[in-house]
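Thanks for sharing this one with me. Below are my notes, set out point by point so that you can check each against the coordinates.

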2 protein chains.
Amino acid sequence: MRAPLTVLLACLALPAAADSLRDHALTLFEPLPDRIDTVAGHPVTPEQVDLGRMLYFDPRISDTGQFACATCHNPATGGDSNRDTSIGHAWQTGPQNAPTIFNATLNSARFWQGWAEDLPATGDSLLQVGAERTGTPERMVATLASMPAYVDAFTRTFPDDADPVTFANATTALESFIATLVTPAPFDAWLKGEDSALSPQAREGLALFIDKGCATCHQGVNLGGNSYHPFRVIRTPGTEGQPESIQCFSVVEDDGTQYLFRAGTLRNITLTSPYFSEGSVRSLPLAIQIMGRTQLGTDLSDEETDRIAAFLESLEGTPPPITLPVLPRESALTPAPLPPLREE
Amino acid sequence: MRAPLTVLLACLALPAAADSLRDHALTLFEPLPDRIDTVAGHPVTPEQVDLGRMLYFDPRISDTGQFACATCHNPATGGDSNRDTSIGHAWQTGPQNAPTIFNATLNSARFWQGWAEDLPATGDSLLQVGAERTGTPERMVATLASMPAYVDAFTRTFPDDADPVTFANATTALESFIATLVTPAPFDAWLKGEDSALSPQAREGLALFIDKGCATCHQGVNLGGNSYHPFRVIRTPGTEGQPESIQCFSVVEDDGTQYLFRAGTLRNITLTSPYFSEGSVRSLPLAIQIMGRTQLGTDLSDEETDRIAAFLESLEGTPPPITLPVLPRESALTPAPLPPLREE
């Protein structure tokens, strides 16, 4: 049930109306949690976070020693790369835009096309397949186990494990570090009652965002990231470059799954240009208008677009300070990086 | 004038002798400064350091948005890459190993072959030539000037400049950030009088290091980084991939310059494998023995090698904590990254 736009807009000047917009918003969205205490069924421990931070920034887990998680999901630039599709092993490009790592723990939909059941499967895939080509679990474990300071960190983090340096434990630690990357934003403050956190224009944009139907797909704590929808805006997406074995899109039960795409989170959208699964659009106003036209059948005016953009601005959050880890030094047993052979 | 090894070794047990080793060491080496207040003739300001840190971690100054300074000179892994030669634009590899950025301000010799007169020229070169291919100064300035938060940062940092967003100012800021990357080590504490900072084995290694002649080239504050010497250990180095225009090796006046190489700093050598200008050797003991044989005409025994390695351990320092910057967001004017075309 939606309140008509005119009613919502007319009410913005009145305190009671602001509350009414907030009440409506709270049925669709929720503020970010202050912190995430459990992820993928395990508690987040400080040791896991520290170890996960090391792994996240360590390029030596890739075949060539060239790519860390942070290369394409860069916390310095909104948690993503600034490219349409990322450049990976052998100067290949992946088929789809790298999504932001910020608040990713709160997405229930993994990958643009639902390739993974859950977070551990997401990590498994990212560490092995496609353009990322960060190497096999065996090679990664051999690399980590060759460095005494990593062995110490795994032992400290997983004290009950006889053999703590495992791919599964590395994934667990990464999940815990990533769970810390939440970015509270003015919109969260406003949802929690701080009226001045949203400008009048942003509140008008929020009302439009709800009224026009954007919130049908972009809802929940991440304003997206939790559902799949048909999307053929730029061109019909192909399946080139996607591993055969995971084209079943197992989390999506619908017959039309082959061209369903995740509605991405709109948190930090001002930082995560270019947009859409292929990263084909760099302008946020243009992206808003394309979405209106193709997904909602609505031609948004420039004024409406500006207001919605002002609302989306309020989703730009503050990431936690991240101290670059000082990574363990290599030993004589550490596998040398592979030569940069091209794959033609 | 060198004290005979046997005398030095015999004296290690006595306090007076330890002082004598230290006195000798202080004629060859010096401890790192607590901090560097001026670099390349300009004072280091906190604003420059902050801006330089942003630039150092920003991959958007490269053509493809793929490479930041930190990609190959990674402060998380000893200030260098872990590769023999780094992978750069179009999956090319450079001809020579990426040296560590730690303490680099204190090197008087720039590049492996003295390509640059001074620090600004070093930055100019790195930002433009070779495999790094980070783009033209014009493109870099256009990128930075397109982002309001960068313009603010430049204006704050260079308040007297009418047009502060310049390539020269970016270089100045980078120099100031890099000047903060000094890594005080146990050897520095020992040089300053803390006897327990070096183990007996490390002190024996130091005596050997001096006595065998290693300190002839690896001396000064960085134990290297300030002179050029002939080096044909692995193979006669070629000049492939080196820009014609700077093959004059202008800082080296000798006729034999074409095959002179910088004696690299030994600070953090335990973190900066692989070794030598081509990164051909990953084992530190092997590198020590190769140097003994080819540069000093000495076959070092395993015991001598171990002692020297123990001394080199004491050069592993502590970098300052580095907080990953939150980089300015792009605007509609920011140039899009170039497509990842290969150069065949």
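The points below go from chain A as a whole to the interface and then to two single residues.

1. **What kind of model this is.** Please keep in mind throughout that we are looking at a predicted model. Local features are reported where pLDDT is at least 70, and side-chain atom pairs count only at pLDDT 80 or more.

2. **The make-up of chain A.** Chain A has 344 residues, and 57% of them count as buried. Its secondary structure comes to 13 helices and 4 strands. If you look at contacts in chain A with a separation of 6 or more, 72% of them join residues 24 or more positions apart. The area that chain A exposes is about 14,300 Å², with carbon and sulfur atoms supplying 54% of that area.

3. **The extent of the interface.** How many residues of chain B are in contact with chain A? The count is 44 residues of chain B, which touch 44 residues of chain A. Between them, the two chains bury about 3,800 Å², and carbon and sulfur atoms give 54% of this buried area.

4. **Polar and charged pairing across the interface.** There are 6 salt bridges between chain B and chain A. One that you may like to display is the salt bridge of B:Arg282 with A:Glu330, where the closest N and O atoms are 2.9 Å apart. The interface also has 16 residue pairs in polar contact, with both residues at pLDDT 80 or more. On the side of chain B that touches chain A, the residues divide into 22 nonpolar, 12 polar and 10 charged.

5. **A:Asp188, an acidic side chain to look at.** Is A:Asp188 buried or exposed? This residue sits in helix H9 of chain A, which covers residues 186–191. A:Asp188 counts as buried because its relative accessibility is 3%, and the cut-off for buried is under 20%. Leaving aside residues up to four places away in sequence, A:Asp188 touches A:Glu30, A:Pro31, A:Leu32, A:Thr183 and A:Arg267. That list holds another acidic residue, A:Glu30, as well as the basic A:Arg267.

6. **B:Gly193, a loop position.** In chain B, B:Gly193 belongs to the loop between helix H9 (186–191) and helix H10 (200–211). With a relative accessible area of 39%, B:Gly193 is partly exposed. Where does B:Gly193 lie with respect to B:Arg22? The two are 171 residues apart in sequence, while their C-alpha atoms are 8.2 Å apart in space.

Definitions and conventions
Residues numbered from 1 in each chain as written. Chains lettered and ligands numbered in written order. Heavy atoms only, no water. Contact = heavy atoms within 4.5 Å. Buried area = accessible area lost by both parts, 1.4 Å probe. Salt bridge = Lys/Arg side-chain N within 4 Å of Asp/Glu carboxyl O. Polar contact = N/O pair within 3.5 Å; in protein donor to acceptor, adjacent residues only side chain to side chain. Nonpolar A, V, L, I, M, F, W, Y, C, P; charged D, E, K, R; others polar. Helix = DSSP H or I, 4+ residues; strand = E, 2+ residues; numbered from the N terminus. Buried < 20%, exposed > 50% of the residue type's maximum accessible area, 1.4 Å probe, protein only. Areas by Shrake-Rupley, 256 points an atom, 1.4 Å probe, with all protein chains shown as cover.
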